[in-house]
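Trainee: I should like to work through this structure with you, one question at a time. Shall we set the sequence and the coordinates before us and begin?

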Amino acid sequence: MKRIILTGGGTAGHVTPNIALLPRLKELQYDIHYIGSYNGIEKELIEQFGIPYHGIATGKLRRYFSLQNFTDPFRVVKGLSDAKKLVKILKPDVIFSKGGFVSVPVVLAGKSRRVPTIIHESDMTPGLANKLSLSAATKVCCNFPETLEHLPEGKAILTGSPIRQELLAGDKYKAREFLGFAEDKPVIMIVGGSLGSVVVNDAVRAILPELLKSYQVIHLCGRGKLDESLKDLKGYAQFEYIKDELKDLFAITDIVISRAGANAICELLALHKPNLLIPLSANASRGDQILNARSFERQGFSIVLEEEELNSEVLLSSINHLYENRESYIQTMKQSSQQNSIDTIIDLIESVSK
């Protein structure tokens, strides 16, 4: 039996692709272990699968001033020591890293024990954690063709992102019953990210009266962002968060309005859902969502509206254009080479672990 260490954390986006790989790894009878931070979101997400979870100290390397910059280097050193001890004890055949700062000491520990390591970069350009890990990686997977030029030649492979296969098995009839929606109107899903986007929420709600003339709307608006004044509005269903029913909601959805986090848009690609992307502003991030969105736009998968150009008239016009041309977007997504990411990544894991 081969043993694999999965690592990655800090946000759900650094964990869910690892979760997507679990069924195939179990089929191949891998002994799976996970290394994450002591109390990060990854611990909660992974433990429900019954996989041995090992916590290590972790610190964040910031490019801005913070008092934690004085203490986190000690946590980073402690994390590296923790990771080296675990890798020595577990003796893995291969390590797969999805990124986040908790993954860096694990990847470096793997290098010190000569364990082949595959890392996955979701965004268009590598984040700092993955930049620190590149030299220790055997192979580097990525989501976007443009990313290849930012990665070491000979290591980089365009794989796409592993997608939870249960999302492909939704039931639109269950969704219709769950939502109380009619059969004769198309459905739009709004996804504002795991925390919800005030900008996206407000923009959509501003045009709801006009939208509901032609569409029904599923609105995943984020924790604490429900609008109680709209709870009885016919054809409009709002939720802070959806878990088990998400696959069914995707099945009934015709088009999607979404932020442009890498994992979220790769799910839309795998599901062949025509989408309008409203990326997080560069003022509030390192600009990776804008780069992600523009790549999908160039490949013919998406329409993009940046926050600065967002207004009611433009948003409504873009939605109507997307719906009217949805079949063109669907066909383009079906022709993408990034459709079998799990198979591609599992083949890589198998090859480097021999």
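Trainee: Is helix α10 (residues 262-271) largely enclosed or not enclosed by the rest of the structure, and how many of its residues are buried?

Mentor: Please bear in mind that this is a predicted model. A residue counts as buried under 20% relative accessible area. Among those of α10 that meet this criterion are Ala262, Asn263, Ile265 and Cys266, and Glu267, Leu268, Leu269 and Leu271 are buried as well. Helix α10 is therefore largely enclosed by the rest of the structure, the count of buried residues being 8 of the 10.

Trainee: Which elements do the buried residues of α10 pack against?

Mentor: The partners include two strands, β11 (255-258) and β12 (275-277). The buried residues of α10 also pack against helices, namely α1 (16-27), α9 (246-252), α11 (288-298) and α13 (326-334).

Trainee: Which residue just after α10 takes a positive phi?

Mentor: The helix spans residues 262-271. Just after α10 there is a residue with phi of about 60°, and that residue is His272.

Trainee: How many residues of helix α4 (residues 103-112) are buried?

Mentor: The buried residues of α4 include Ser103, Val104, Pro105, Val106 and Val107. Ala109 and Gly110 are buried too. Helix α4 is thus largely enclosed by the rest of the structure, because its buried residues number 7 of 10.

Trainee: Is Arg114, which follows α4, buried or exposed?

Mentor: Arg114 lies in the loop between α4 and β5 (117-121). Its phi is near 60°, a positive value in a residue other than glycine. Since its relative accessibility is 79%, Arg114 counts as exposed.

Trainee: Where is Gln29 found, and does it count as buried or exposed?

Mentor: Gln29 has a positive phi near 65° and is a residue other than glycine. It is found in the loop between α1 and β2 (31-37). Because its relative accessibility is 56%, Gln29 counts as exposed.

Trainee: How many residues of β2 are buried?

Mentor: Strand β1 (residues 3-7) runs parallel to β2, and 5 bridges join the two. Within this pairing, Leu6 stands opposite Tyr34 of β2. Strand β2 is largely enclosed by the rest of the structure, because its buried residues number 7 of 7.

Trainee: Which residues of strand β9 point one way, and which the other way?

Mentor: Strand β9 (residues 216-220) is mostly covered, with 5 of its 5 residues buried. Gln216, Ile218 and Leu220 point one way. The residues that point the other way, also buried, are Val217 and His219.

Trainee: Which strands pair with β9 in the parallel sense?

Mentor: Strand β8 (residues 187-191) is joined to β9 by 5 bridges, and Val187 stands opposite Gln216. Over 4 bridges β9 also pairs with a strand at residues 236-239, where Ala237 stands opposite Ile218. Both pairings are parallel, and the strands asked for are β8 and β10.

Trainee: How far apart in space are Val76 and Leu269, C-alpha to C-alpha?

Mentor: Val76 lies in helix α3 (residues 72-90) and counts as partly exposed because its relative accessibility is 29%. Leu269 is one of the buried residues of α10. The two residues are 193 residues apart in sequence, and their separation in space is 36 Å.

Trainee: What radius of gyration does the protein chain have, and why does it agree with a compact globule?

Mentor: The C-alpha atoms fill a box of roughly 60 × 45 × 35 Å along the principal axes. For 354 residues, a compact globule would have a radius of gyration near 20 Å, so there is agreement with the value for the protein chain, 21 Å.

Trainee: What share of the contacts in the protein chain with a separation of 6 or more is between residues 24 or more positions apart?

Mentor: The chain holds 14 helices and 13 strands, and buried residues make up 53% of its 354 residues. For contacts with a separation of 6 or more, the share from residues 24 or more positions apart is 64%.

Trainee: How far apart are the mean positions of the positive and negative charges?

Mentor: The protein chain exposes about 16,400 Å², of which carbon and sulfur atoms supply 52%. It carries 42 positive and 41 negative charges, and the distance between their mean positions is 9 Å.

How values were computed. Residues are numbered from 1 along each chain as its sequence is written. This is a predicted model: local features need pLDDT of at least 70, side-chain atom pairs count only at pLDDT 80 or more; totals for chains, interfaces and linings use all residues. Side-chain values use heavy atoms; hydrogens and water are left out. The radius of gyration is taken over C-alpha atoms; the globule rule is 2.2 Å times the number of residues to the power 0.38. Buried means under 20% relative accessible area, exposed over 50%, partly exposed in between (1.4 Å probe, protein chains only). Contact means heavy atoms within 4.5 Å. Accessible areas come from the Shrake-Rupley method with a 1.4 Å probe; for residues, only the protein chains shown count as cover. Lys and Arg count as positive and Asp and Glu as negative; His and the chain ends are not counted. The place of a charge is taken as NZ of Lys, CZ of Arg, CG of Asp or CD of Glu. Two strands pair if DSSP finds at least two bridges between them.
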